[in-house]
Amino acid sequence: MPQIFKRPTSLKDVQTHFCSGCHHGTIHRLVAEAMDEFGVQGRAIGIASVGCSVFLYSYFDIDVVEAPHGRAPAVATGVKRARPGSFVFTYQGDGDLAAIGTSEIIHAANRGEDITVIFVNNTTYGMTGGQMAPTTMVGQRTSTSPYGRMKEKDGAPLRMAELLAQLEGVSFSARVAVNSPRNLMDAKKQIKTAFRYQVEGKGFSFIEALSACPTNWGMKPLQANERVGTELCDYFRLGVYKNIMEL
Amino acid sequence: MTKRLFVKGNEAVAMAAIEAGCRYYFGYPITPQSDIPEYMSAELPRLGGEFIQAESEIAAVNMLLGASATGVRAMTSSSGPGISLKQEGISYMAGSELPGVIVDIARSGPGLGGIDASQADYFQAVKGGGHGGYHIIVLAPASVQEMYDLTMLAFDLADIYRMPAMILSDSVIGQMKEALIPNRRPEAELPSKEWAVRGKGEGDQRIVKSLYLGDGELEAHNWKLHNRYCELKEKECRWEAFRTEDADLLVTAFGSCARIAKTAIMLAREEGLKVGLLRPVTLFPFPAAAYEELTSRCKKILDIELNAGQMIEDVRLSVSPDTEVFFYGRPPGTGSLPTPEELLEQIRKHY
Amino acid sequence: MPRILIEETRCKGCGLCTIACPRNLIILSERINNQGYTPAQFANDEKCSGCALCAEMCPDVAIEVYR
């Protein structure tokens with residue numbers, strides 16, 4: 001009987017360090033599948049960021065450069081400019097991309113760097129123990145917002161997919177989720193579009209993937225998965241915010 | 001006839017980088033180094049290279065990190081305040097064993113300070129300015145010609161030792177015009193960059209990183225870096241000894257200050273005072289052996305710096321026992337650059 | 001007949017496959033695996049259509065599907 005679902009070639013056959021019910025593993029797999037589909041594994045250079053996503057090199061069977069916190073888009077810029085024939089993507093969390101790395105992401109996007117950014121938004125700093133992130137929901141309790149995030153004091157959660165869609169250099173910006181088969185199939189499609197645009201040299205492409213963080217949300221995996229589909233999707237609306245081919 | 005040019009020190013740095021094969025430059029405007037990005041922005045596109053005016057010094061140094069990781073020669077430049085921002089990336093480059101050239105055309109500080117010449121970035125440059133305990137190669141040119149030659153050397157040393165190399169200069173040398181012989185890139189035996197990430201192709205995965213979490217991994221990594229610093233100290237110390245053979249008083253200074261000190265020494269010699277100059281060219285590795293050897297005979301050394309005393313610490317650690325170490329320095333700022341006559345006075349005082 | 005293969009040692013017992021299966025053919029077992037989780041278990045292999053939604057949803061790529 002033929003195997004119709006198996007591990008993509010670009011993904012190493014190893015156990016991940018991600019917690020039970022964390023969506024990082026799923027997003028990793030979708031990225032690897034897309035790399036396989038475009039046949040770019042051999043010329044791919046991944047840029048690892050700081051946080052739960054730092055071990056990119058342990059899971060992807062591709063060349064990897066580790067960037068300082070938030071600086072992955074700048075490192076990717078250096079890599080891609082020096083090797084324009086390579087396939088370059090960053091994989092960053094919300095603290096990394098939307099707080100300390102806000103400057104780097106906006107300017108790399110605005111320059112239209114021919115890279116793809118995979119942005120995993122789980123509304124918290126996972127690796128450091130669940131502190132408030134720029135994407136933490138209003139009212140959400142974290143280890144540094146014990147009374148809940150206050151809009152008046154902390155600002156509202158940043159919507160990066162919408163924000164970046166406004167920049168000229170961006171070819172594609174979409175927000176996806178992997179909390180249900182339906183959302184996941186759509187995520188697969190959008191990630192492939194983002195990758196295709198880089199392969200075709202169309203400029204900067206951006207995927208924001210909502211993710212559960214059961215451990216830091218203090219929830220069971222299924223409960224956290226449910227929260228992505230309800231509370232998160234309600235504020236962080238899924239969809240394509242920019243597609244240069246449809247303008 | 002040998003070609004001679006009349007150029008600024010900053011331009012010499014940029015010209016040398018191009019001669020050394022650097023085709024990737026990432027920078028940000030700041031006085032007094034902006035001639036370097038300006039020059040690169042005009043030249044690199046013509047040569048098939050890339051110039052990016054980055055959104056910040058932080059982004060620029062991380063672009064350098066990314067380009068260097070692919071194995072190409074790349075550079076960034078700035079002045080003190082920008083170098084402070086770059087320290088994060090420099091620490092990551094040191095930890096990731098990445099070559100790359102960083103130019104500091106220092107200005108006076110702390111804070112915004114001023115734009116006058118300064119040697120107050122000595123500690124920041126030679127002691128590992130960022131976190132985690134590391135060193136980078138630091139070269140201190142004292143002329144436009146040295147700006148050129150040492151920049152080419154910086155690229156070679158960075159490649160050989162797999163670590164960042166810094167040109168530490170200031171506005172005196174950077175903004176001054178002098179005659180320059182644009183030497184060809186020297187022949188150097190360079191290791192192949194088998195660590196560079198270029199896409200794995202059919203080969204094994206390559207990783208450029210500074211994270212080591214396994215039991216004993218980071219300690220071993222740090223010992224490896226430490227051993228490389230020891231090797232540098234053994235093999236790559238460079239200095240200039242000027243009229244030291246018969247000296248009864250040694251003067252030591254680097255970069256711009258060494259030029260003024262040299263004039264003062266010549267004035268002193270005219271008065272019959274036997275004074276010589278020991279000028280370190282490599283600040284890291286610090287040429288400790290040269291200090292030890294010269295002070296084993298001449299027991300007095302006067303250290304002159306354009307700061308309140310930084311290199312003095314390395315001088316004290318390097319001289320032979322019983323050497324008297326004197327210091328004369330002025331913190332940087334408008335009007336604080338000493339005159340030769342002022343230094344001659346110090347020479348007379350300690351002779 | 002389509003079937004799935006759950007690699008128990010890789011399973012972290014999150015249960016996402018159990019809600020993905022349109023026919024509710026997967027349950028979490030009572031046993032504890034080598035990682036300390038209660039792994040997913042194929043409860044009824046007769047009715048599996050091989051749609052692979054369980055495998056798609058699994059964050060740990062612990063399910064293989066044959067059809």
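The exercises below, each with a worked solution, concern backbone features and a chain contact in a predicted model.

In this predicted model local features need pLDDT of at least 70 and side-chain atom pairs count only at pLDDT 80 or more, while totals for chains, interfaces and linings use all residues. Residues are numbered from 1 along each chain as its sequence is written, and chains are lettered from A and ligands numbered from 1 in the order in which they are written.

**Exercise 1.** Determine where in chain B the residue Pro32(B) is found, and describe the peptide bond that leads to Pro32(B) from Thr31(B).

*Solution.* Begin with the bond from Thr31(B) to Pro32(B), which is cis, with omega near 5°. Then place the proline: Pro32(B) sits in the loop that runs between strand S2 (24-27) and helix H2 (35-43) of chain B, where helices (H or I, at least four residues) and strands (E, at least two) are DSSP runs, numbered from the N terminus. Repeat both steps for Pro285(B), whose peptide bond from Phe284(B) is cis, with omega near 5°, and which lies in the loop between strand S13 (282-284) and helix H10 (288-295) of chain B.

**Exercise 2.** Is Asp322(B) buried or exposed, and is Ala52(C) buried or exposed?

*Solution.* Start from the backbone: Asp322(B) has a positive phi of about 70° although it is not a glycine, and Ala52(C), also a residue other than glycine, has a positive phi near 70°. Next, locate each residue, Asp322(B) in the loop between helix H11 (311-318) and strand S15 (324-329) of chain B, and Ala52(C) in the loop between strand S3 (40-42) and helix H2 (53-57) of chain C. Finally, apply the cut-offs, by which a residue is buried if 20 or more other C-beta atoms, placed from the backbone, lie within 10 Å of its own, exposed if 12 or fewer, and partly exposed in between. Asp322(B) counts as exposed because it has 8 C-beta neighbours inside 10 Å, whereas Ala52(C) counts as buried because it has 20.

**Exercise 3.** Work out how many residues the contact takes from chain C and from chain A, and which bridge partner Phe5(A) has in S4(C).

*Solution.* Count first: the contact takes 22 residues from chain C and 23 residues from chain A, two residues being in contact if their C-beta atoms, placed from the backbone, lie within 7 Å. On the side of chain C that touches chain A, H2(C) gives the most, with four residues. Turn then to the strands, where two bridges join strand S1 (residues 3-5) of chain A to S4(C), and the two run antiparallel; strands pair if DSSP finds at least two bridges between them. Within S4(C), Val65(C) is the bridge partner of Phe5(A).
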